[in-house]
Amino acid sequence: MNALVVYDSLFGNTERIAQAIGDALAAQADVEVRRAGDVKPEDLTGLDLLIVGTPTHGGRPSPATKTWLQSLAPNSLAGIKVAAFDTRIPSQGASWFLSLIVKIFGYAAQPLAKSLAQAGGAEIVQPEGFAVTGREGPLQDGELERATAWAQQILAKA
Ligand SMILES: Cc1cc2nc3c(=O)[nH]c(=O)nc-3n(C[C@H](O)[C@H](O)[C@H](O)COP(=O)(O)O)c2cc1C
């Protein structure tokens with residue numbers, strides 16, 4: 001099975017989750033973990049499984065993630081199993097302003113999953129979010145382990 005984990009990351013937190021997912025997938029797949037800006041449309045050829053992760057920015061995927069999603073041709077993910085995740089500040093750590101944004105827009109994983117489905121991908125698990133303790137992180141305790149468990153769920157369905 002050929003798997004690719006694509007991510008964007010400003011402060012390194014989403015990258016750490018992406019690496020943990022890649023390490024777990026490597027038990028059963030040929031896997032690469034790459035930053036969105038380094039992945040060209042032709043790199044998706046022959047792929048069985050695509051995991052995409054983004055920081056949440058204003059309730060949406062980050063600008064670099066959006067740019068990458070826009071580079072996907074219609075139906076370019078047909079025949080590929082896909083899963084989406086984000087990193088986010090959970091409501092107990094958020095300012096009043098961020099809480100309002102979350103209330104209105106939610107988090108990035110859901111719209112990211114929708115974009116992957118619109119490009120023809122077959123969603124394999126529900127979108128997932130991993131918590132950071134503040135804008136620059138670090139990740140909350142236990143999130144890397146949760147990422148490993150999420151990747152194992154994906155493997156069980158792939
Ligand atoms: C411009 C900007 C907007 C953000 N907006 C949100 C938001 O709407 N909701 C949220 O939970 N976190 C928000 N955050 C915090 C990010 O979730 C956090 O920076 C990210 O998870 C860290 O991941 P990274 O280290 O991979 O960049 C925002 C951060 C930045 C820089």
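The protein has five helices and seven strands, and this is a predicted model. Going along the sequence, the order is β-α-β-β-β-α-β-α-α-β-β-α. The radius of gyration comes out at 15 Å, close to the 15 Å that the globule rule gives for 158 residues, so the protein is as compact as a globular protein of that length.

A few more overall numbers. Along the principal axes, the C-alpha atoms fill a box of roughly 45 × 30 × 25 Å. Of the 158 residues, 40% count as buried. If you take the contacts with a separation of 6 or more, 79% of them come from residues 24 or more positions apart.

Now to one element, helix H5, residues 143-157. Does its length make sense, or, put properly, what should its 15 residues span at 1.5 Å a residue? The expected span is 21 Å, and the end C-alpha atoms of H5 are 21 Å apart, which agrees.

Next, which residues of H5 are buried? They are Glu 143, Ala 147, Trp 150, Ala 151 and Ile 154. Looking down the axis of H5, these buried residues fall within an arc of 100 degrees, so they line one face of the helix. As background, an α-helix has 3.6 residues a turn, so residues three or four places apart point the same way.

Glu 145 and Ala 156 sit on the other side of H5, and they are exposed.

Last, what covers the buried residues of H5? The cover includes helix H1, residues 13-25, along with two strands, E5 at 81-88 and E7 at 128-131.

Methods:
Residues numbered from 1 in each chain as written. Predicted model: local features only at pLDDT ≥ 70, side-chain atom pairs only at ≥ 80, totals over all residues. Helix = DSSP H or I, 4+ residues; strand = E, 2+ residues; numbered from the N terminus. Expected span 1.5 Å × (residues − 1). Buried ≥ 20, exposed ≤ 12 C-beta atoms within 10 Å, placed from the backbone. Arc of directions from axis to C-beta. Contact = placed C-beta atoms within 7 Å. Rg over C-alpha atoms; globule rule 2.2 N^0.38 Å.
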